[in-house]
Structure formats: structure tokens, C-alpha cells
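Subject: Handover of a structure and the findings on it

Dear colleague,

Please find below the structure that I am passing on to you. I should be grateful if you would keep it open while you read the notes after it.

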Amino acid sequence: MNTTASSTLAGNAAVPARDVGRQSLDDVSKLRVVPARYPGRKIGTVFAIAVIAATLHSMLLNERWGWNVFAEWFFDKAVLVGLGRTLLLTLLGTLFGFTLGTFLALARVSRSPLLAGVSWTFIWIFRSIPLIVLLLLINNLGYLYEYITIGVPYTGIHFFRWNTTQLITPFFAAIIGLTLNQAAFSAEIVRGGILSVDQGQLEAASALGLSHRRQFSRIVLPQAMRSILPTAFNEIIGLAKGTSQVYILALPELFYTVQIIYRRNLEVIPLLMVATVWYLIILTALSIAQYFIERYFSKGALRNRPPGILDPLVAWLRPSHPPAATSALQSATAAATATPLPFLRAQGAHVRLHGVSKSFGANKVLDNISIDFPASSVTVILGASGSGKSTLLRSINHLERVDQGLIAIDDHLVGYRQAGDTLYELKEKDILAQRVEVGMVFQSFNLFPHLTVLENIVEAPISVRGTPRAEAESQARDLLARVGLADRERAYPRQLSGGQQQRIAIARALALRPKVLLFDEPTSALDPELVSEVLNVIKELARSGTTLIVVTHEIGFAREVADTIVFMENGRILEKGTPGKIFSKPDHPRTADFLQKVL
């Protein structure tokens, strides 16, 4: 075999396959590897070095830049006082502006047309007014209103009264102006982040019974922050530079202080460079803060998060915990599977639907459905796509509000309270409390990506049931062992396969000890090889006593596990019976036609 110095075994060139096949692997490993060369990159590097060198030469050796004057004034007391005022204005403008902006964003996405209208009007006005004009208007507010009073409107009763001109100092006017201006822009940033969170996350949080406050603070906001942070930091950086506009109020922040100095000594360029370098330092600090904050909120966003600057130090300081042996994990899983979990319900609930109808516009999805699901039974609902199966499930836990009819769980109406002959619709917090008894496993998993597997499972028991964290985590680990994932508690959902994610979703639903468990096509989003993982868990649950209602196309599973088969078409129940009856001798020809195609 002939080889030359240009022969390579990596990169863009390789030893011909016919030559490699004629020699041992040891011989091949001795070949010299020549990396691919990119002349264009070298030319670009040389050009960049030349530009940097020319720039530094021009700045450092040109005496007109006045670096000696720059050094004299950089740490001057007056400059540092102005710098401190700039930092204070930036901090307060950011704090108050984003706080007000968050409330405005929540108002814009609320169901109240009046609140949404007021928020939109505020944003429209204060995004339209230039900051410098806004600052002058606020500073001259005393011309419009001589006094600012707090009291009972239209009565002449006043509790507090201030002279407007004395109250609104230049500094106070600057804070108000920066806050109002920042709030208008940050409201849209926050609203965009909220809208970026997948609707399934809200449905999953609602199905778990989490309060609206908990949904926002624990589920929506952490995920929205990924979209909010880059634009928000742009706004903060813009605000830090925008504080220079308060010079119009004769407020001596950094830029105005520098102006005062160079008007006295006429050293314009050196003093402007003093301001420039300080702004660079401020914005560098903000950029570093942005990096670490974005990294914090990126948890679970990627399968493998990029290594951080301080990761080696953290790894060195953190005590190492060797993973448990595989045999030990398998033993724990086997033990959990062999014995029932004591904290789960031993008895399911009776679910009853009477005359239930639901339409989306002109499309009637559910048409006068009446059916009973006995306690501790397993019911499988079959039907073609669009037949109303998923809407039926979502109506049982009130994720969809029905147009007509009633749904009851153990004779307790879902979504309503009866008083005599009158039904009163429950408030959202009462509906959330009802959902605790009805677990739901979604087709697309809807795990919370920013929470670990263990955090996904314990979130609802801790915040809804009030279970102590230690007890909730112990129960969660038992559930993880039951679904065969005892070694994955610290993983994030995106680090799991589809079958593993669905089994975690089942464990999360079970953690609330529901009386009823709804499955909305739990295997349709999975590869065929992963389907059995999930179906085996559901088969075990079928023996636990919980009432199961499963929408699926898995006929073999339905034949083996179900007590009752329900077939739906065009929002109606065409047939109901035992698996033996439905699969062997269906009464309705549409049922027979459907089964003939899927069996």
C-alpha cells in the first residue's frame, strides 16, 4: 500500500476504503493526520489584528485624546457622584418600570375587556411620548395642578395635601418619567414572554389544581423568562444610557456632570471619554448579569446545557454522589411494583354525564351525551379523529366548559353548586379544587420543562394538598420506582425519551391521589417501541382501584384491560359494551366498519 504525507484519516479527506480494508486497525491508527486548512480564516484573522492595532495606535499615541486629563478626572468625586446617581436612576427605573409593566401585561392578557383596554391605552400613550418630552411634562406638572391631594373624591374631604412644585423635585420627576416610559415598553416584553408559553403548560397546571398565582409564579413566568430576558436587558441597557436625558431637568447624573466640567476646562474629548468608559463598565456589568440570569432560567431548555464559566469550580466544591448500582435500582423497582402504594386511592369515583353538549362555533363536538363510568372501572373510548373523544375527557375535569348538560363525580356537580332549583357556577379557585380529584395525562405529556422529574411530581402535592416536602418527595420516589424510572429523578424532561416522559406524566397525576384518572391518547405521540412502556404502567393502574377513562387507538390494550368499550362518532355515543361484545359482535355497522379497519 502506498501512502503519502497528504493522506488523512479525519476531516475532509480519508484513506480510501479499499486501502483501509487491507490492513489492520493498528496500521491505520499510525497514519499521520493533517487537519484541513482554511486560508480565508487566516486572512480574516490577520485583517482583524491589523484593524485592532491601527485603532489602538490611533487612540493611544494621539495626544489630542488627552489621556492624562482622562486619568485626572476618571475617579473625580463629582464624576463618581454623578455615576452613583446614574446607577440609582437605572436601578429604580428598572425596578418600578418592570413591576408596573408586569401588572400592565397581566391586565392586557386578562379576561376583563376594561382592564385590557386601560392597559393598552397606557402603553399606547407612553410609548408614543418621547422621554425628554415626558420628563418636561412631569417636571412642570405644578402648572396644571397646584396641589396633589389624597381624600374622598368629589366631597372636598382631604387626608393629605402637598404642593405639587415642592413635591415633584427634579429627581422625583426623573424617577416618574423613567418608570412610566419603561413600564410601557416592558409591558409588551412581558406580555410577549407570557404568550410564548405553550398553552399545554397552562392546561397541565390547571389540571393539577394549581392556583392562578402558583401557575404564574412557578410555571408560566420561569418559562416566559427565556423570551423576556434578552429583550428586557436591551431595555435596561437602553435605560442606563437613557438616564443621560435627565440633563434637561438640570439633574447632575453622569453625563450632565461631565458636561459641567468640560464647559469649565474646555477639555471636551477627554471628559466625554470619561463618561464613555463608565458607560462601558456599567453595560459590561449588565451583560455579565444577563449571562448568569439567562443561564439560570435555561434549566431544562436543552438536553445538555452548555458548560458555564464557573462549572468546573462548582463541580469541585460540590460533593460527589456515586450513582446507585443498577441492580439496586432494579430491586427497588421490583419491590415497588410487587406491593401496592399505601398513599394511593383504594376506591375510585363514580362519574356521570347527563345530556352533555359542546360546540365550537357551528361545529357540535358533543351532542347530548349521557353515560355512567362506575367507580373503579376501566373504560376505553374508541372512535375516529374528530369524534369528540378528547373534548369529552376535557369536559369531565372542566378544562372545557359544556354548553348544556351536567357532569357529576360521586354526585358532586363539576363546575356548579346546586341550591334548590338553581345552579351557581363555581369560581375558578373552587373548580381548581375539584380538579385535584381528577388526574389527567395528556397526549403531548405537558411536563414542565424547567423543573426536574422530581420537582414535576412534588409540585402539586406540596402546593395543593399541603403535603410536607419530605413526605411528597418520598412518595414521588415510590412512584418513580413504580414506573421504572427511579434513577431519573434529577433529569429534566427533555433528557428523557417519549415513553419515559409519559410515564413521568402518569406519576405526576398519581401524586395527587386522584379518584379518577383520564388518559387522552397517551401513546399516540410515541414510537411503536415505546408504546408498551406506557401501556404496562396503565395496565397496573387498572388493578389499583382508581377509575380510569382512556382514549386510545390501542385495540389490544383495550381488549385486555377495559371493563367497558365506548365507541363515538360525530360527538355521539354509538355503542357501549364489554370488550367481548364490541370486538366480536358490534351492534352498530359504523362500529364494525371502524374495527375492521384498525384490527
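The notes below begin with the chain overall and then take up its parts in turn.

Please bear in mind throughout that this is a predicted model.

The chain overall

The chain contains 24 helices and 14 strands. It has 599 residues, of which 44% count as buried. Its accessible surface comes to about 32200 Å², and carbon and sulfur atoms account for 59% of that area. Among contacts with a separation of 6 or more, 70% are between residues 24 or more positions apart.

The four-stranded sheet

One open sheet consists of four strands in the order 4-3-6-7, and the pairing is antiparallel. Its edge strands, each of which pairs on one side only, are strand 4 (363-373) and strand 7 (412-413). Helix 16 (residues 389-396) packs on this sheet and touches strand 3 (351-360), strand 4 and strand 6. The direction of helix 16 makes about 60 degrees with that of strand 4.

Strand 6 (residues 404-409) and strand 7 run antiparallel and are joined by two bridges. In one of the pairs between them, I409 has H412 of strand 7 as its bridge partner.

S359 may serve as a point of reference in this region, as it lies in strand 3. Is this residue buried, partly exposed or exposed? S359 has a relative accessible area of 25%; buried would require under 20% and exposed over 50%, so S359 counts as partly exposed. Apart from its neighbours within four places in sequence, S359 is in contact with K364, V365 and D403. T391 is 32 residues from S359 in sequence, and their C-alpha atoms are 10.0 Å apart in space.

An enclosed helix

Helix 10 (residues 199-207) is largely enclosed by the rest of the structure, because seven of its nine residues are buried. The buried residues are G200, Q201, E203, A204, A205, S206 and A207. Which elements cover them? The cover includes helix 11 (212-242), helix 17 (428-435), strand 10 (438-441) and helix 20 (498-510). Helix 16, which packs on the sheet described above, is also part of this cover.

A nonpolar patch on the surface

I150, V152, I157, F159, F160 and W162 make a nonpolar surface patch of about 580 Å². Strand 1 (147-152) and strand 2 (157-163) each supply at least two residues of the patch. Strand 2 gives the most, with four residues. W162 lies in strand 2. Its relative accessibility is 35%, so W162 counts as partly exposed.

A hairpin late in the numbering

Strand 13 (residues 564-569) and strand 14 (residues 572-577) pair in the antiparallel sense over five bridges. Within this pairing, F567 has E575 of strand 14 as its bridge partner. The hairpin has two residues between the strands, and N570 takes a positive phi near 55 degrees.

Yours sincerely

Note on methods: Residues numbered from 1 in each chain as written. Predicted model: local features only at pLDDT ≥ 70, side-chain atom pairs only at ≥ 80, totals over all residues. Heavy atoms only, no water. Pairing = 2+ DSSP bridges. Contact = heavy atoms within 4.5 Å. Axes fitted to C-alpha atoms, helices over the stretch in contact; angles between N-to-C directions. Patch = residues over 30% accessible without salt bridge, like charges linked within 9 Å, V, L, I, M, F, W, Y side chains within 5 Å. Areas by Shrake-Rupley, 256 points an atom, 1.4 Å probe, with all protein chains shown as cover. Salt bridge = Lys/Arg side-chain N within 4 Å of Asp/Glu carboxyl O. Buried < 20%, exposed > 50% of the residue type's maximum accessible area, 1.4 Å probe, protein only.
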